[in-house]
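Biologist: I'm new to reading models, and I'd like a close look at one sheet and how its strands line up. Could you start with one pair of residues and then work outwards?

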Amino acid sequence: MDKKALTETDIRTKFITPAIGNARWDLMSQVFEEHYFTKGRVVVRGKTVVRGEASKADYLLFYKPNLPLAIIEAKDNTHAVGDGMQQALEYAETLDVPFAYSCNGDAFLEHDRTGAAGTVEREVPLDQFPTPDELWTRYRAAKGLTPEEEPVVTQDYFNDSSGRMPRYYQRIAINRAVDAIARGEDRILLVMATGTGKTYTAFQIIWRLWKSRAKKRILFLVDRNILADQTKTNDFKPFGTAMTKITNRTVDKAFEIYLCLYQAVTGTEEEQNIYKQFSPDFFDLVVVDECHRGSAAADASWRKVLEYFSSATQIGLTATPKETKDVSNIEYFGDPIYTYSLRQGISDGFLAPYKVVRIGLDKDLDGWRPETGKVDKFGNVIEDREYNGSDFDRNLILEKRTELVAAKITQFLKATDRFHKTIVFCENIDHAERMRQALVNANPDLAAANSKYVMRITGDNNEGKAQLDNFIDPESVYPVIATTSKLMTTGVDAQTCHLIVLDQTINSPTEFKQIIGRGTRINEDYGKLYFTIMDFKQATALFADPGFDGDPVQIYQPGPDDPPVPPEEPGAEGPPDDSTEVNIGDPRAGDPTIAGDPLRGSVRKYYVHDVPVSVATERVQYLDAHGRLITESLRDYSRKTLRNTYASLDEFLTAWNDADRKQAILKELVEKGVFFDDLADLVGRDYDPFDLVCHVAFDQPPLTRKERAEKVKKRNVFGQYGAKARAVLDALLEKYADTGIASVESLEILKVEPLSGFGTPVEIVSLFGGKPNYLAAIAELETALYTGAGAA
């Protein structure tokens, strides 16, 4: 047997897998071959959405379920034994695996990542691959695990009949937290982007510590009632009768797992501090969800709870760690032991990417000053000063502005899907109610068909809050549009939210990231793979904040007459609950001064109904392959990107002509950030991507697809084929002229008229003497289409 003639698959089957099995690894439960650990980034190009390639390890070896020890990258025997090591190390770092191996069928090269070995890399013969116990013993020694700590670290995960397993980053967070607590650390911070399963991660941590009896009484603190209810009925359900939720400020000490809304156990009066009914050492583990909110500030009520139970181990979970002069997660919990960012979640394909539509309104950008003596709709004389975006919908209401925002939202939904779940973030409850009314008026047909088509969901409105579960339920059609202020910024698991509208001043990157998190969940069963942010307040300028880590796939600023749908192409923080904000009232009743706005104090609010507002800005911006905003023109950017890939026209033509499938070249260019749809809008939609490349990058005169097809017909290229085969090729040329090269290269085109008129795909292929001859004819057709220097 010539080993060098074997494929990589042969090397795995004949040499690597037997070597692993001979080392007493259980091939059924401990060895995972071709293990995919990401989903593949969602790539959005106009209305086309595809998944990128998922990351895959050739072998991932587990000591026991969810405790990975080794990763192996295989190469065929034409490679050296260590040629797979760099890939193995990259995956080992991502997956937090201590041992990495490369193998070509001759031997293994081992890399010990524990830092405890004197020799980091060594060659291991095939018949001496380490056993599970040997690797675990080395790992345990490197970590310094004691006999008391080991049972905690190796405690099983909860595993139900559904087969649900943690994603790789959840497993890392769970294992690191349990390891740290087993070693005696008592303040733990985990940073995980919204939508990545923080609550499920917390459940598995608590389950393992509880089952191992390392922790016996656990308090799980949240800041929204809906979070406590969701947690109890979903992720924490396996705790069963050992779990309770503290309600009505009553305490029952007979349980082991306590879920609690922190407002339910704290208060301004000493007697309201129900948590003090527990002794300070009652809980030995306290887990704080969304710990960026109440507990980060030293004088916040959560912080008082944490300090009261200071003897307990405490875990903070957050998507947005807060570090300011007065507020700090890290000062309290220490540095995060693991961070899974929004950027990484989008890159892995676990979180949805997003487009941004920026709409600048003239009064927001230019400001507005009333003429002397101007009165509002209720006869109140408007204070003479310059009003700008920070005033609108707080102390100055331009009703035409609200109507225009509602019209733009409606226009977008009509162009996409009027039943796509939408959240509109407003300045306050008054603004949210007026926006609800404006959206009802902008959608009279659907609002009449169902009164819940648009609803205000704010902390003061019981009817709206009662519909929150329906809004986040993918199977519930209504409500479709929710107007809100603060209530829905966190903790709302809106899996099918397709549109987030920002008509709220946001200066805080923390709050901005929370709001973005309302749309980042993916639900493929319901077609939710990406979402759109419509920004009326320039809040998306926070993308430029150094701490922001999740880039949009597209930023679009429509002009005054442009649709709000992107072309086909790829704040001071408010209070935690709406109920503390300004109440809705009739400004005609007495003095139009409304107290209680936390952002401005007591202010005079004017309602102006006769000042026109219009869209002012027109600008389209693109993002490159790395998610950075492109400020140069699309043509210049595309030219530079193409020339970075192909230095000359000859180099491009050589690659094009040598490619078995032209679509492979185009796919590669798309992945590098070439926007063919946008170039087609710029140069002309009748041109082939080949001509767009030659024209934009190398100044060649382009030919339309129809012109290319006609040139081929005139040259009588297919004279050697029979009449029916020639007719098929002529029909393919017509398809090329209509839709481009992708259709010609797909066998599926044979099922479509007029090709299907020649018979079944098998019958059509047989006209050419079989599939190889048919594919050769397609290659000949492509050569004829693109023949000539510059192919013009």
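Modeller: Start with Leu189, which stands opposite Gly316 in β14. This is a predicted model, so keep in mind that local features need pLDDT of at least 70 and side-chain atom pairs count only at pLDDT 80 or more, while totals for chains, interfaces and linings use all residues. Residues are numbered from 1 along each chain as its sequence is written, and side-chain values use heavy atoms, with hydrogens and water left out.

Now zoom out a bit. Strand β9 (residues 187–192) runs parallel to strand β14 (residues 313–318), and the two are paired over 5 bridges. Two strands count as paired if DSSP finds at least two bridges between them. The strand and helix names come from DSSP runs, numbered from the N terminus: at least two residues (E) for a strand, at least four (H or I) for a helix.

Go one step further out and you get the whole sheet. It is open, has 7 strands with parallel pairing, and reads β11-β12-β10-β13-β14-β9-β15. At the edges are β11 (243–246) and β15 (338–340); each has a single partner strand, so one side of each has no neighbour in the sheet. From one strand to the next, the twist averages 15°. Angles like this are taken between N-to-C directions and run from 0 to 180 degrees, using lines fitted to C-alpha atoms (for helices, over the stretch in contact). Lying across β9, β14 and β15 is helix α5 (residues 168–182), which runs at about 175° to β9. Contact here means heavy atoms within 4.5 Å.

For comparison, have a look at another sheet. This open one has 6 strands in the order β1-β4-β5-β6-β7-β8, and its pairing is mixed. Its edge strands are β1 and β8 (121–125), each with a single partner, so one side of each is again left without a neighbour in the sheet. Here the twist averages 30° from strand to strand. Inside it, β5 and β6 pair in the parallel sense over 5 bridges, and Glu73 has Ser102 in β6 as its bridge partner.

This sheet has a helix across it too. Helix α1 lies across β1, β4, β5, β6 and β7, at about 10° to β4. The residues of α1 that pack against those strands are its buried ones, where buried means under 20% relative accessible area, exposed means over 50%, and partly exposed is in between (1.4 Å probe, protein chains only). Among the buried residues of α1 are Ile11, Phe15 and Ile20. In general, an α-helix has 3.6 residues a turn, so residues three or four places apart point the same way.

As for its length, α1 (residues 8–22) has 15 residues and reaches 20 Å between its end C-alpha atoms, close to the 21 Å expected. That expected span is 1.5 Å times one less than the number of residues. There is also a kink of about 30° at Ile16, shortly before Pro18; the bend is the angle between axes fitted to the seven residues ending there and the seven starting there. After α1 comes Arg24, with a positive phi near 70°.

One last stop is in another strand, β21 (residues 497–502), which holds His498. His498 is buried, because its relative accessible area is 12%. Beyond its neighbours within four places in sequence, His498 touches residues including His420, Tyr530 and Phe531.
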